[in-house]
Amino acid sequence: MSRSALIAGPTGLIGAQLLQRLLHDPAYREVRALTRRPLGLQHERLRELQTDYARLDELGDALAVDDVFCCLGTTRAIAGSRAAFEDVDYRMVVDLARCARASGAHQFLVVSAVGASRHALAFYSRVKGRMEATVGGMGYTAVHILRPSLLLGSREQSRPAEDAAQRLAPKLAPLLRGPLARYRAISAADVAEAMQRLALRGTPGVHVHHLPLAD
């Protein structure tokens, strides 16, 4: 039990699942959670770091961990504008990666999205692609980029379009085979498990993963 972890977005669909997994993983001696409000959770390995993500550099050594898990993300509809969406899905993610790397973090794992590309037609996918490229060039020993498709799970905040898609997803899954399998909906719990597995592999370099993992 020698590793330390930092989770950004511990109350989100994936982050909440991942937090529980890491707190019960004997490989981790401490799990630090970046949060805007108290989590209301007690655990001997949990350390809460309250922040609004505007002054991450002030956290200093608190960001010095073995593994940084970034589960930040929103939608344009919820954010309210393109600029607000980009602030969360690019600026906040990149600031976290920069500050954690400067503090001595070794490995960065981040949730992106299937279809992410700097050259994509969709604004959402371009922002994700830019984030991936920026984070991948920051000098971490290892960067793991996960590109899930539609996430299955119950959210605190309603997303009508996603709710409808979740109901339709099981009917479409059998049609998505071969290279199209990456577009199948996937549960948040499965994404969290994939992040945990990848972190413990210790594979250096920059890697992009479509889900489910091949092995």
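Here is a quick tour of the fold, helix α3, the nonpolar cores and the salt bridges.

The model is a predicted one. Its chain has six helices and nine strands, and 45% of the 215 residues count as buried. If you want one element to start with, try α3: this helix gives the largest share of the largest nonpolar core, 10 residues, and D95 and R98, which pair in a salt bridge, sit three residues apart in it.

**The chain as a whole**
- Take the contacts between residues at least 6 apart in sequence: 68% of them join residues at least 24 apart.
- About 10,600 Å² of the chain is exposed, and carbon and sulfur atoms account for 51% of that area.

**Helix α3**
- α3 runs over residues 82–103, 22 residues in total. At 1.5 Å a residue that should give a span of 32 Å, and the end C-alpha atoms are 30 Å apart, so the two agree.
- The helix isn't quite straight, though: there is a bend of about 30 degrees at V88.
- V88 is also on the list of buried α3 residues, along with F85, D89, Y90, M92, V93, V94, D95, L96, A97, C99 and A100.
- What sits over those buried residues? The cover includes strands β1 (3–8), β2 (28–35), β4 (67–70) and β5 (107–111), plus helices α2 (76–79) and α4 (123–136).
- Just after α3 comes G104, with a positive phi near 115 degrees.

**Nonpolar cores**
- As background, nonpolar side chains in soluble globular proteins tend to be buried together.
- The largest core here holds 32 residues, and the ones touching the most other members are L6, L34, V68, V93, L96, F108 and V135.
- Elements contributing two or more residues to this core are β1, β4, α3, β5, α4 and β6 (142–147). Of these, α3 supplies the largest share, with 10 residues.
- Leaving out residues up to four places away in sequence, V68 touches L6, L96, A100, A105, Q107, F108 and L109.
- A separate core of 28 residues lies apart from that one, with L13, L19, L109 and V191 among its members.

**Salt bridges**
- How many salt bridges does a search of the whole structure find? It turns up nine.
- In α3, the side chains of D95 and R98 form one of them, at 3.5 Å from N to O. The two residues are about one helical turn apart, being three residues apart in the helix.
- That spacing fits a general rule: an α-helix has 3.6 residues a turn, so residues three or four places apart point the same way.
- D95 and R98 also belong to a salt-bridge network that takes in D87 and R91.
- Is D95 buried or exposed? D95 has a relative accessible area of 19%, which makes it buried, as the cut-off is under 20%. Its partner R98 is partly exposed, at 45% relative accessibility.
- E30 and R32 pair through their side chains at 2.8 Å, N to O. R32 counts as buried, because its relative accessibility is 9%.
- R55 and E58 make another salt bridge, at 3.6 Å from N to O. R55 is partly exposed at 45% relative accessibility, while E58 is exposed, with a relative accessible area of 59%.

Note on methods:
Residues are numbered from 1 along each chain as its sequence is written. This is a predicted model: local features need pLDDT of at least 70, side-chain atom pairs count only at pLDDT 80 or more; totals for chains, interfaces and linings use all residues. Side-chain values use heavy atoms; hydrogens and water are left out. Helices (H or I, at least four residues) and strands (E, at least two) are DSSP runs, numbered from the N terminus. The expected span of a helix is 1.5 Å times one less than its number of residues. The bend at a residue is the angle between axes fitted to the seven residues ending there and the seven starting there. Buried means under 20% relative accessible area, exposed over 50%, partly exposed in between (1.4 Å probe, protein chains only). Contact means heavy atoms within 4.5 Å. A salt bridge is a side-chain nitrogen of Lys or Arg within 4 Å of a carboxyl oxygen of Asp or Glu. Accessible areas come from the Shrake-Rupley method with a 1.4 Å probe; for residues, only the protein chains shown count as cover. A nonpolar core is a set of buried Ala, Val, Leu, Ile, Met, Phe, Trp, Tyr and Cys residues joined through side-chain atoms within 4.5 Å.
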